[in-house]
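Hi,

Here is the structure I promised to pass on. Have a look at it first, and then read my notes underneath.

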Amino acid sequence: MNEKTDIQSMDFKELTAYVTDVLGEKPFRARQIYEWIHVKLVSGFDEMTNLSKSLREKLEKNCYLAMPEIARRLVSKIDGTRKYLFRLSDGNIIESVLMKYKHGNSVCVSSQVGCRMGCRFCASTLDGLERNMTPSEMLNEVYMIQKDLGERISNVVIMGSGEPLDNYDNVLRFIKMLSDENGLNISQRNITLSTCGIVPRIYDLAKEELQITLAISLHAVNDQRRRELMPVANTWSIDEILKACREYYGHNNRRLTFEYSLVKGVNDSSEDAAALARLLHGLNAHVNLIPVNPIKERDFRQSDNSAVMNFKNKLEKYGENVTIRREMGRDIQAACGQLRKNYIDALESEE
Ligand code: SAH
């Protein structure tokens with residue numbers, strides 16, 4: 001492993017302490033370095049041209065910038081969606097996605113290499129968890145894409161591979177640094193964290209009083225059905241999740257999102273829609289319906305269009321706020337984590 005200091009994962013205060021106490025430099029140097037890393041998005045110390053040569057050498061000797069390499073980049077001809085495979089400094093591959101919307105550019109970031117949550121329909125978890133990602137690695141997903149695109153990233157969704165609340169400290173630091181006015185200064189209101197529902201961490205997050213949107217992957221209306229899709233449901237019930245959500249809402253008044261992947265014949269009936277409306281009644285909720293993306297390792301099928309519309313209409317009849325997630329980048333491998341998995345499988349079969 002790298003014995004140098006991961007200077008990119010330090011927040012502004014920590015960097016200031018490091019630059020003054022460890023490197024023995026004046027505090028204004030910390031401001032300059034922070035700006036080079038988190039605003040100008042440089043990838044090497046030699047680019048920090050307003051620092052003295054000796055300071056640049058000192059940084060080179062003691063610290064590193066965790067810039068990944070772009071292993072692959074696919075650009076959709078349909079809607080401009082870009083999928084990136086990044087090679088991290090230890091060789092691990094992760095996947096990030098850029099989506100272009102009218103309201104701005106949104107990046108979907110991974111928070112772990114792999115995942116250990118085991119959701120049945122998800123490609124990211126098929127090979128288990130490799131390791132947590134560091135704050136700098138997550139920041140670099142956004143930085144690299146902003147640089148590659150040449151346009152500002154305005155929104156970030158933590159919905160790529162991994163369970164963000166299973167890498168709580170690093171993800172929290174990532175969110176704070178991403179929204180720091182000394183850095184890229186992305187509004188917390190434009191950041192969404194999606195979780196399968198690790199209840200104790202939802203309570204922890206509530207106490208942070210952030211302005212981010214919390215999205216809960218619900219996918220079923222009762223615990224028995226949910227356990228069939230998501231092993232995490234063996235640990236926490238839907239009731240416990242909703243209680244934590246009310247607590248979260250109490251702290252920051254932010255509308256909650258509930259994600260519901262529609263699987264044909266499994267969770268897409270009218271009764272399911274009615275039960276979902278009953279569950280969410282009284283919560284300030286927004287439901288995001290995701291027609292499931294089939295993965296070849298499992299035989300889940302996507303609900304028919306008519307079932308999706310029916311589900312949406314039913315929820316709306318009960319007064320719920322609903323959107324259907326538009327499928328983006330259909331021509332460049334749709335389902336979450338699939339591109340990464342196919343890439344790694346292909347590498348392994350070459351060996
Ligand atoms: N671990 C986080 C982030 C996962 S990905 C979480 O569980 O929320 C973001 C969303 O995509 C989650 O709601 C996840 O359940 C869903 N998802 C994963 N694979 C999918 C697939 N093949 N089809 C549809 N939705 C999927």
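Below is what I found, going from helix pairs to single residues and then to the cysteines.

A bit of housekeeping before that. This is a predicted model, so be aware that local features need pLDDT of at least 70 and side-chain atom pairs count only at pLDDT 80 or more, while totals for chains, interfaces and linings use all residues. Residues are numbered from 1 along each chain as its sequence is written, and side-chain values use heavy atoms, with hydrogens and water left out.

**Helix pairs**

Two packed helices are described by the angle between their axes and the distance between the axes. Helices here are DSSP runs of H or I with at least four residues, strands are runs of E with at least two, and both are numbered from the N terminus. Axes are lines fitted to C-alpha atoms, for helices over the stretch in contact, and the angles run from 0 to 180 degrees between N-to-C directions.

Start with helix α1 (residues 12-22) and helix α2 (residues 27-38): their axes come within 8 Å and cross at roughly 130°. That makes α1 and α2 oblique to each other (under 35 degrees counts as roughly parallel, over 145 as roughly antiparallel, 65 to 115 as roughly perpendicular, and the rest as oblique). The α1 and α2 crossing is right-handed, meaning that the near helix is turned clockwise from the far one by less than a right angle; anticlockwise would be left-handed. On the α1 side, Phe12, Leu15, Thr16, Val19 and Thr20 meet Pro27, Arg29, Ala30, Arg31, Ile33 and Tyr34 of α2, where contact means heavy atoms within 4.5 Å. By class, the contact of α1 with α2 has seven nonpolar, two polar and two charged residues (Ala, Val, Leu, Ile, Met, Phe, Trp, Tyr, Cys and Pro count as nonpolar, Asp, Glu, Lys and Arg as charged, and the others, Gly among them, as polar).

Next come helix α6 (residues 199-208) and helix α8 (residues 238-252), with axes 8 Å apart and an angle of about 5°. So α6 and α8 are roughly parallel to each other. From α6, Val199, Ile202, Tyr203, Leu205, Ala206 and Lys207 meet Glu240, Ile241, Lys243, Ala244, Glu247, Tyr248 and His251 in α8. The contact of α6 with α8 divides into eight nonpolar, one polar and four charged residues.

Tyr203 of α6 is worth picking out. Leaving aside neighbours within four places in sequence, Tyr203 is in contact with Lys243, Ala244 and Glu247. At 26% relative accessibility, Tyr203 counts as partly exposed (buried is under 20% relative accessible area, exposed is over 50%, and partly exposed is in between, with a 1.4 Å probe and protein chains only).

**Helix α9**

In helix α9 (residues 270-280), the buried residues are Asp272, Ala273, Ala274, Ala275, Leu276, Ala277 and Leu280. They pack against α7, α8, β12 (256-262), β13 (285-291) and α10 (305-317). The axes of α9 and α10 come within 9 Å, crossing at roughly 35°, and that crossing is right-handed. Here Ser270, Asp272, Ala273, Ala274, Leu276 and Ala277 of α9 meet Asn310, Phe311, Lys314 and Leu315 of α10. After α9 comes Gly282, with a positive phi near 90°.

**Loops**

Two residues other than glycine also have a positive phi: Glu209, at about 50°, and His219, near 65°. Glu209 sits in the loop between α6 and β11 (213-217), and His219 in the loop between β11 and α7 (223-229). Are they buried or exposed? Glu209 is partly exposed at 46%, whereas His219 is buried at 5%.

Leu88, in the loop between β4 (82-87) and β5 (93-101), is buried, with a relative accessible area of 5%. Beyond neighbours within four places in sequence, Leu88 is in contact with Pro68, Ile94, Val113, Arg131 and Glu137. Leu88 and Val113 are 25 residues apart in sequence and 9.8 Å apart in space, C-alpha to C-alpha.

**Cysteines**

A disulfide is a pair of cysteine sulfur atoms within 2.5 Å, and the count comes to zero disulfides. For Cys245, the closest cysteine sulfur is in Cys196, 12 Å away, which is too far for a bond. Cys245 is buried at 0% relative accessibility, and Cys63 is buried at 1%.

Cheers
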